[in-house]
Amino acid sequence: MNSTQDLINKLFAQHNLSDAELLQLITSNAAQTNLLLAAAADKVRRQYYSNKVYIRGLIEFTNYCKNNCYYCGIRAGNSCVKRYRLAKDDILACCNEGYALGFRTFVLQGGEDAYFTDERICEIVAAIHAQHPDCAITLSIGEKERTSYQAYFDAGANRYLLRHETADAEHYAKLHPASMRLENRKRCLYDLKEIGYQVGSGFMVGSPYQTAANLLADLRFLQDLQPDMIGIGPYITHAQTPFADKQSGTAEQTLRLLAILRLLFPYALLPSTTALATITPHGRELGLKAGGNVVMPNLSPANVRKLYSLYAKKACTGTEAAQNLALLQAEVQQAGYEIVVDRGDVKRK
């Protein structure tokens, strides 16, 4: 068995390892493993992106969802959620405010809400594109038909985020109702790539029933997909879901996987997520030091931020709020990085 440092050196040089070697890193209980991985990951991210951190303005425009994913706080079956939808003018106002603050990418995220038909989504996307033609428009609105994805792309959307959540079909079935299929989720991701989107995928770390083999399958699937952005965060339990009694994932395991992803995918855009900031103090700073180079402050109106509750105790104030960008800049600078006003497109060498 190779030493942890030998494995990390090999991963740094080759951007890949055997299954057994990756599993050894994933399951290592050595206290130094995360520190060694983070140091190597940071070196790689600086080779590709220097010390730059890209900001995305997150607009959570609807918390209605038709799905009943067992882990999600806005699942259709949760009758305790106070539902909301933002009007087109509200979304445009968020973008205008964000642009003035320095954001050049807007992320429209929502549940799979039938009210927002293809026509309505295209109208919103086209309006944002008309007002801010120098900005990237990212959608994160779930599984759609290829024709829908094409329509959004033609309207001006150029990025799409769709986490696969788990690449193992058996595990997927434990997290989702029978109406949802992993094959369809994967079909969506490949459709998006073929259309020409910059595609983001990813998975939850520490989700119920997850094994080290599941995590390995996630890494191998991402190697096949070759997405532009990979978003991971710890699974965080929500009291109003069937998984209310399940344990949350850990920051330690999330940071380890984040560093491994940076070494496997040197070019990738890797967010240091709100979930990571929620589960541990200075989580975003730790995520950046483990290879992350994207942060996504919240541009949604303040009165709805707590309502978009995918998991418990979501961080949505302080440096999570886009309006406090100066605070975020200071935090990022203290960690040794620099927020830039830039679309932050992927850099594949």
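These legends go with a set of close-up views of one predicted protein model.

This is a predicted model, where local features need pLDDT of at least 70 and side-chain atom pairs count only at pLDDT 80 or more, while totals for chains, interfaces and linings use all residues. Residues are numbered from 1 along each chain as its sequence is written, and side-chain values use heavy atoms, with hydrogens and water left out.

**View 1. The whole chain, before zooming in.** The protein chain has 13 helices and nine strands (DSSP runs, H or I over at least four residues for helices and E over at least two for strands, numbered from the N terminus). Its radius of gyration is 19 Å, close to the 20 Å that the globule rule gives for 349 residues, so the chain is as compact as a globular protein of that length. That radius is taken over C-alpha atoms, and the globule rule is 2.2 Å times the number of residues to the power 0.38. Laid along its principal axes, the C-alpha trace spans about 60 × 45 × 35 Å. Of the 349 residues, 58% count as buried (under 20% relative accessible area; exposed is over 50% and partly exposed in between, with a 1.4 Å probe and protein chains only). Take the contacts with a separation of 6 or more: 75% of them come from residues 24 or more positions apart. Contact here means heavy atoms within 4.5 Å.

**View 2. The surface and its charges.** About 13,800 Å² of the protein chain is exposed, and carbon and sulfur atoms supply 51% of that. The areas come from the Shrake-Rupley method with a 1.4 Å probe; for residues, only the protein chains shown count as cover. There are 38 positive and 34 negative charges, and their mean positions are 3 Å apart. Lys and Arg count as positive, Asp and Glu as negative, with His and the chain ends not counted; each charge is placed at NZ of Lys, CZ of Arg, CG of Asp or CD of Glu.

**View 3. Two loop residues with positive phi.** Q226 has phi near 55°, a positive value in a residue other than glycine. Look for Q226 in the loop between α9 (212-225) and β7 (229-234); its relative accessible area of 28% makes Q226 partly exposed. H282 isn't a glycine either, yet has a positive phi of about 60°. H282 sits in the loop between α11 (274-279) and α12 (283-289), and is exposed at a relative accessible area of 58%.

**View 4. Aromatic rings.** The count comes to 10 aromatic pairs (rings of Phe, Tyr and Trp, the last by its six-membered ring, with centres within 6.5 Å; planes under 30 degrees apart are stacked, over 60 edge-to-face and the rest tilted). Y49 and Y54 make an edge-to-face pair, 6.0 Å centre to centre with 80° between the planes, and both residues are buried. For F265 and Y267, the ring centres are 6.3 Å apart and the planes are at 85°, so this pair is edge-to-face. F265 and Y267 are buried too. Elsewhere, Y149, F153, Y160 and Y197 form one aromatic cluster.

**View 5. H164 and its surroundings.** H164 lies in the loop between β5 (159-161) and α7 (169-175), and at 0% relative accessibility it counts as buried. Beyond its neighbours within four places in sequence, H164 has contacts that include Y172, L182, R185, L189, S201, G202 and D218. F221 is another of its contacts: the two are 57 residues apart in sequence, but 9.3 Å apart in space, C-alpha to C-alpha.

**View 6. A40 on helix α3.** A40 belongs to helix α3 (residues 33-49) and is buried, with a relative accessible area of 12%. Leaving out residues up to four places away in sequence, A40 touches I8, F12 and L263. Its C-alpha atom is separated by 8.6 Å from that of G291, 251 residues apart along the chain.

**View 7. R284 and Q5.** R284 lies in helix α12 and counts as buried at 4% relative accessibility. R284 and T274 are 10 residues apart in sequence and 7.3 Å apart in space, C-alpha to C-alpha. Q5 is placed in helix α1 (residues 4-14), where it counts as partly exposed at 33% relative accessibility. From Q5 to A93 it's 88 residues in sequence and 50 Å in space, C-alpha to C-alpha.
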